[in-house]
Amino acid sequence: MGAAFLVSAAFLPWSDESVSDIPVLQDFARLFLAGNLPYADFPFEYPPLAWPALALAGLGGTADQDSFLAGLGLLNFAFALAGMLAVGRLTDLAGGNGRIAMYGWALFPLLIGAIARNHFEMLAAAPAAIAILLVATGRPSAGLALIGAAAMVKPFA
């Protein structure tokens, strides 16, 4: 997966960042890290748990787009790894080949390109995969709570 993320950062067409919310997300992160509260101090267009995720991405820096993008990309990568492990385990439990499922998950940056790094969908997708795994392993309360939290980061359509 690391190689796929690197390709999405360094090689066209995968690295094309023409579809990006980075300036908006970076401004939000800057406001959060300055102590401003979403909804109370400024309008915030995302669900309630999106702000901690964006603030965490901003810890790497918000002075320029590159530093914020690096922080968001690193956060997406960490969540992608967790999601990949959950999908592999879930596939094994269902009687499939978890390795093949993990390879499929690992290739997603090659399918969506720069969006893997410059959006924060993975911060909801990975917890959703983990939530399904929790339900499948007999922990429905934790799983359903986590899927609710994931939807409060980024809603699912």
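The expected span of a helix is 1.5 Å times one less than its number of residues. Helices are DSSP runs of H or I with at least four residues, numbered from the N terminus. The model is predicted: local features need pLDDT of at least 70 and side-chain atom pairs pLDDT 80 or more, while totals for chains, interfaces and linings use all residues. Residues are numbered from 1 along each chain as its sequence is written, and side-chain values use heavy atoms, without hydrogens and water.

**Exercise 1.** Determine how far helix H4 reaches from its first C-alpha to its last, and describe its two ends.

*Solution.* Step 1: H4 spans residues 65–93, which is 29 residues. Step 2: its reach is 41 Å, close to the expected 42 Å. Step 3: at the N-terminal end, aspartate 64 acts as a cap, with a side-chain oxygen 3.1 Å from the backbone nitrogen of aspartate 66. Step 4: just after H4, glycine 95 has a positive phi of about 90°.

**Exercise 2.** Describe how H2 packs against H3 and against H4.

*Solution.* Step 1: axes are lines fitted to C-alpha atoms, for helices over the stretch in contact, and angles between N-to-C directions run from 0 to 180 degrees. Step 2: the axes of H2 (residues 22–33) and H3 (residues 50–58) come within 8 Å and cross at roughly 90°. This makes H2 roughly perpendicular to H3, a term for angles of 65 to 115 degrees. Step 3: with contact meaning heavy atoms within 4.5 Å, Leu25, Phe28, Ala29, Phe32 and Leu33 of H2 meet Trp51, Leu54, Ala55 and Gly58 of H3. Step 4: the axes of H2 and H4 are 10 Å apart, at an angle of about 85°. H2 is therefore roughly perpendicular to H4. Step 5: here Ile22, Pro23, Leu25, Gln26 and Ala29 of H2 meet Gln65, Phe68, Leu69 and Leu72 of H4.

**Exercise 3.** Identify the residues that join arginine 117 in a salt bridge, and place both partners.

*Solution.* Step 1: a salt bridge requires a side-chain nitrogen of Lys or Arg within 4 Å of a carboxyl oxygen of Asp or Glu. Step 2: the whole structure holds three salt bridges. Step 3: arginine 117 pairs with glutamate 17, their closest N and O atoms being 3.1 Å apart. Step 4: arginine 117 lies in H7 (residues 115–118) and glutamate 17 in the loop between H1 (2–10) and H2, so the pair ties together parts 100 residues apart in sequence.

**Exercise 4.** Locate the cis peptide bond that involves proline 13.

*Solution.* The bond runs from leucine 12 to proline 13, with omega near 5°. Proline 13 belongs to the loop between H1 and H2.

Definitions and conventions: Parallel < 35°, antiparallel > 145°, perpendicular 65-115°, else oblique. Polar contact = N/O pair within 3.5 Å; in protein donor to acceptor, adjacent residues only side chain to side chain.
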